[in-house]
Amino acid sequence: MADETTKPAAPAEAAAASETTSAHAAPAEGRPGRPGGPRGGGRPGGRPGGPGAGREGGRKFFRRKKVCKFCTEKIDNINYKDVRLLSQFVAESGKIVPRRLTGVCTPHQRRLTDAIKQARNIALLPFAAGR
């Protein structure tokens, strides 16, 4: 009976034991625990619209660089009484539209914000959208 307990494991059992340990090991490439590389996903060419999309048919959208309306039209002073001009830079909700959406340069955005606030104070522009 002592011989049975000290007897080495069968080859099939040894192979099964080695498979369970290798299944929990980290993959050879990429970060540990993530298949297919550093950002996971495993999709060829990366995510859609990313760096790999240029080879598969080109970009779908071309975003033109926004230019300041006041600089191109050479408008120096932004008048608070010019409601038609100011209302272009106010959203329907009543918020002032940010620079990154309108393309207005920083100095003109500051002047525009002051003019909108001044027009709101004398009731030329609404503070918020009407319900």
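Which residue takes a positive phi of about 65 degrees just after α6? Alanine 123 does, and the close-up views below lead up to that residue. This is a predicted model, in which local features need pLDDT of at least 70, side-chain atom pairs count only at pLDDT 80 or more, and totals for chains, interfaces and linings use all residues. Residues are numbered from 1 along each chain as its sequence is written, and side-chain values use heavy atoms, with hydrogens and water left out.

**View 1. The whole protein has six helices and zero strands.** Helices (H or I, at least four residues) and strands (E, at least two) are DSSP runs, numbered from the N terminus. Starting at that terminus, the elements follow the order α-α-α-α-α-α. Of the 131 residues in the protein, 18% are buried; here buried means under 20% relative accessible area, exposed means over 50%, and partly exposed lies in between (1.4 Å probe, protein chains only). The accessible surface comes to about 11,100 Å², and carbon and sulfur atoms own 54% of that surface. Accessible areas come from the Shrake-Rupley method with a 1.4 Å probe, and for residues only the protein chains shown count as cover. Among contacts with a separation of 6 or more, 53% join residues 24 or more positions apart, where a contact means heavy atoms within 4.5 Å.

**View 2. Helix α6 packs against three other helices through its buried residues.** This helix has 16 residues and reaches 23 Å from its first C-alpha to its last, close to the 22 Å expected at 1.5 Å a residue. The expected span is 1.5 Å times one less than the number of residues. Leu112, Ala115 and Ile116 are among the buried residues of α6, and the partners they and the other buried residues pack against are α3, α4 and α5 (99-102).

**View 3. Glutamine 109 is a buried member of helix α6.** Its relative accessible area is 10%. Leaving aside residues up to four places away in sequence, glutamine 109 touches Ile96, Val97, Arg99, Thr102 and Val104.

**View 4. Cysteines 68, 71 and 105 come into view, in a structure with zero disulfides.** A disulfide is a pair of cysteine sulfur atoms within 2.5 Å. Cysteine 68 is in no disulfide, and the nearest cysteine sulfur, that of cysteine 105, is 3.6 Å away. For cysteine 71, the closest cysteine sulfur is also in cysteine 105, at 3.7 Å, which is too far for a bond. Cysteine 68 is buried at 7% relative accessible area, whereas cysteine 71 is partly exposed at 42%. Look as well for threonine 106, found in helix α6 and partly exposed at 29% relative accessibility. Threonine 106 and cysteine 68 are 38 residues apart in sequence, with 9.2 Å between their C-alpha atoms.

**View 5. Lysine 74 has a positive phi of about 55 degrees although it is not a glycine.** Most residues other than glycine have a negative phi. You will find lysine 74 in the loop between α3 (69-72) and α4 (83-87). Lysine 74 is exposed, with a relative accessible area of 71%.

**View 6. Alanine 123, the residue from the opening question, also has a positive phi, near 65 degrees.** Alanine 123 sits in the segment after α6 (106-121). With a relative accessible area of 64%, alanine 123 is exposed.
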